[in-house]
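Open the model in your viewer and set it to a cartoon view. Keep a selection box ready, and follow the stops in order.

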Amino acid sequence: MFYHDKRLQYPVEVSNPDPVFARMLQQAIGGVEGEIRVCMQYFFQAWGSRAPNTKYRDMLLQTATEEIGHIEMLATAVALNLEKAPASLQEEGAADGIVGAVMGGGNPRHTIEGMLHRHILSTGLAAQPCDADGVPFNMSHIYASGNIAADMYCNVAAESTGRVLATRLFNAAHDEGMKKMLHYMIARDTMHQEQWLAVIEELGGATGALPIPNSFPQEKEDQANNYNFYVTSVDGSFQEGRWTSGPSMDGKGEFTVFRNEPLGQEPILGPARPDSGGQAEQIA
C-alpha cells in the first residue's frame with residue numbers, strides 16, 4: 001500500500017524553457033539508466049525478497065517509493081521545459097522557430113522536431129515513459145534475481161550509470177532551476193550507491209558475499225580455473241593488474257594468468273535427420 005503527497009519531493013523550477021533539454025531529460029525518465037528502471041528494479045527485488053531479515057525488503061521498498069518521486073520531478077521538468085512549444089500542429093512554423101532558436105539550426109529536423117510532435121500529439125506537451133529517442137521503456141533492464149547480494153551489485157551498477165547520466169545532464173543544463181534539481185538527484189544517487197554497498201558489507205563484503213551465490217560449495221567448481229585470468233591476445237601479452245597476481249578479492253584463492261588455449265575437442269555432430277530438411281549428402 002502506498003501513500004502520496006501532491007507536493008514534489010524537491011523543487012522543480014524552470015526559468016528558460018528548453019524543448020531540447022526536455023528531450024534529454026526523457027533519457028533520465030525512460031532510458032536504460034533512468035528512474036523508471038531503478039524504481040521497478042527495487043520494487044521487484046523487494047516484492048520477491050526471501051531474506052529472513054525483512055530490513056532489506058523494507059529498505060528496497062523505501063527507496064523504490066522515493067524513486068517514484070524522482071520520476072514525478074523529471075516528468076514535471078519535461079512539461080515545464082515544453083511550456084513555449086506550440087500547442088497544435090497548425091503552429092508548426094512556430095515549432096520550427098523554437099527549435100531553430102534553441103539549436104541554432106544545427107540539428108537534423110527529424111530528431112528534434114519529431115520529439116516535439118510526439119509530445120504534442122501523444123501527451124499535450126507532457127513527459128512520456130520513454131527514452132530520449134522516443135523508445136518506450138519495456139522493463140528489459142530490470143534485474144531481480146532473488147539473490148540479495150547479486151541484486152545489490154546490480155543496484156550499484158544501476159545507480160552508477162544513473163549518476164553518470166545525471167552529471168552529464170547537469171553539465172548540459174543552462175537553466176539554474178534544472179541545475180538545482182539535478183544537483184539534488186546526483187546527491188541521492190550517491191546515497192543509493194552507498195546503501196547498496198553497505199548491504200554487501202553486512203553480508204560479509206568481498207570475503208563473505210563472493211562468489212555469488214555463496215551457498216554453492218566452491219569445492220564443486222573447477223579448482224584449476226576459478227581464479228585464472230585468461231589471456232586471449234595472439235602473442236600472449238597482457239598488462240599486469242590487481243587481477244593477474246596475488247590473493248583473489250574474496251581471499252579464497254590466488255590470481256594466476258593462463259594463456260588461453262583449447263581445453264576441449266573439435267565438435268563433431270551426428271548426421272542430419274531424414275526429416276530435418278537437410279541435403280541428401282548431410283543425411284547420408
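A residue counts as buried when its relative accessible area is under 20%. By that cut-off, 37% of the 284 residues in the protein are buried. Keep in mind that this is a predicted model.

**Stop 1: the whole chain**

Colour by secondary structure. The protein has nine helices and three strands. Along the sequence the pattern reads α-α-α-α-α-α-α-α-β-β-β-α. Now turn on the surface. About 16600 Å² is exposed, and carbon and sulfur atoms supply 56% of that area. Then think about contacts. Among those in the protein with a separation of 6 or more, 71% join residues 24 or more positions apart.

**Stop 2: helix 6 and helix 2**

Select residues 148-172, which form helix 6, and residues 35-47, which form helix 2. Two packed helices are described by the angle between their axes and the distance between the axes. Here the angle is about 170° and the axes lie 11 Å apart. Helix 2 is therefore roughly antiparallel to helix 6, since angles over 145 degrees count that way. The crossing of helix 2 and helix 6 is left-handed.

Show side chains at the contact. On the helix 2 side, pick Arg37, Val38, Gln41, Tyr42 and Gln45. On the helix 6 side, pick Asp151, Met152, Cys154, Asn155, Ala158 and Glu159. By class, this contact of helix 2 with helix 6 holds five nonpolar, three polar and three charged residues.

**Stop 3: helix 6 and helix 1**

Keep helix 6 and add residues 19-30, helix 1. The two axes come within 10 Å and cross at roughly 170°. That angle makes helix 1 roughly antiparallel to helix 6. What meets what here? Phe21, Met24, Leu25, Gln27 and Ala28 in helix 1 touch Leu165, Leu169 and Ala172 in helix 6. The residues of this contact of helix 1 with helix 6 divide into seven nonpolar, one polar and no charged.

**Stop 4: phenylalanine 21**

Zoom in on phenylalanine 21, in helix 1. Is phenylalanine 21 buried or exposed? Its relative accessible area is 4%, so phenylalanine 21 is buried. Select its contacts next. Neighbours within four places in sequence aside, phenylalanine 21 touches Asn81, Leu169, Ala172, Ala173, Met178 and Leu182. Two of these names, Leu169 and Ala172, belong to the helix 6 residues that meet helix 1. Now draw a C-alpha distance from phenylalanine 21 to alanine 132. The two are 111 residues apart in sequence, and 9.8 Å apart in space.

**Stop 5: helix 6 and helix 7**

Hide helix 1 and bring up residues 176-202, helix 7. Helix 6 packs against helix 7 at about 160°, with the axes 9 Å apart. Helix 6 is thus roughly antiparallel to helix 7. Their crossing is left-handed. The residues in this contact of helix 6 with helix 7 come to 13 nonpolar, nine polar and four charged.

**Stop 6: the loop before helix 6**

Step back to the loop between helix 5 (109-123) and helix 6, and select methionine 139. Most residues other than glycine have a negative phi, and most peptide bonds are trans. Methionine 139 is not a glycine, yet its phi is positive, about 70°. With a relative accessibility of 39%, methionine 139 counts as partly exposed.

Asparagine 138 also sits in the loop between helix 5 and helix 6. How does asparagine 138 count, buried or exposed? Its relative accessibility is 55%, so asparagine 138 counts as exposed. Draw one more C-alpha distance, from asparagine 138 to isoleucine 36. The gap is 9.9 Å, for residues 102 positions apart along the chain.

**Stop 7: two cis peptide bonds**

Go to the loop between helix 8 (205-209) and strand 1 (228-231), where proline 211 is found. Check omega at the bond from leucine 210 to proline 211. That peptide bond is cis, with omega near -10°. Move on to proline 213, which lies in the loop between helix 8 and strand 1. The bond joining isoleucine 212 and proline 213 is cis too, with omega about -5°.

Technical notes:
Residues are numbered from 1 along each chain as its sequence is written. This is a predicted model: local features need pLDDT of at least 70, side-chain atom pairs count only at pLDDT 80 or more; totals for chains, interfaces and linings use all residues. Side-chain values use heavy atoms; hydrogens and water are left out. Axes are lines fitted to C-alpha atoms, for helices over the stretch in contact, and angles run from 0 to 180 degrees between N-to-C directions. Helices (H or I, at least four residues) and strands (E, at least two) are DSSP runs, numbered from the N terminus. Angles under 35 degrees count as roughly parallel, over 145 as roughly antiparallel, 65 to 115 as roughly perpendicular and the rest as oblique. A crossing is left-handed if the near helix is turned anticlockwise from the far one by less than a right angle, and right-handed if clockwise. Contact means heavy atoms within 4.5 Å. Ala, Val, Leu, Ile, Met, Phe, Trp, Tyr, Cys and Pro count as nonpolar, Asp, Glu, Lys and Arg as charged, and the others, Gly among them, as polar. Buried means under 20% relative accessible area, exposed over 50%, partly exposed in between (1.4 Å probe, protein chains only). Accessible areas come from the Shrake-Rupley method with a 1.4 Å probe; for residues, only the protein chains shown count as cover.
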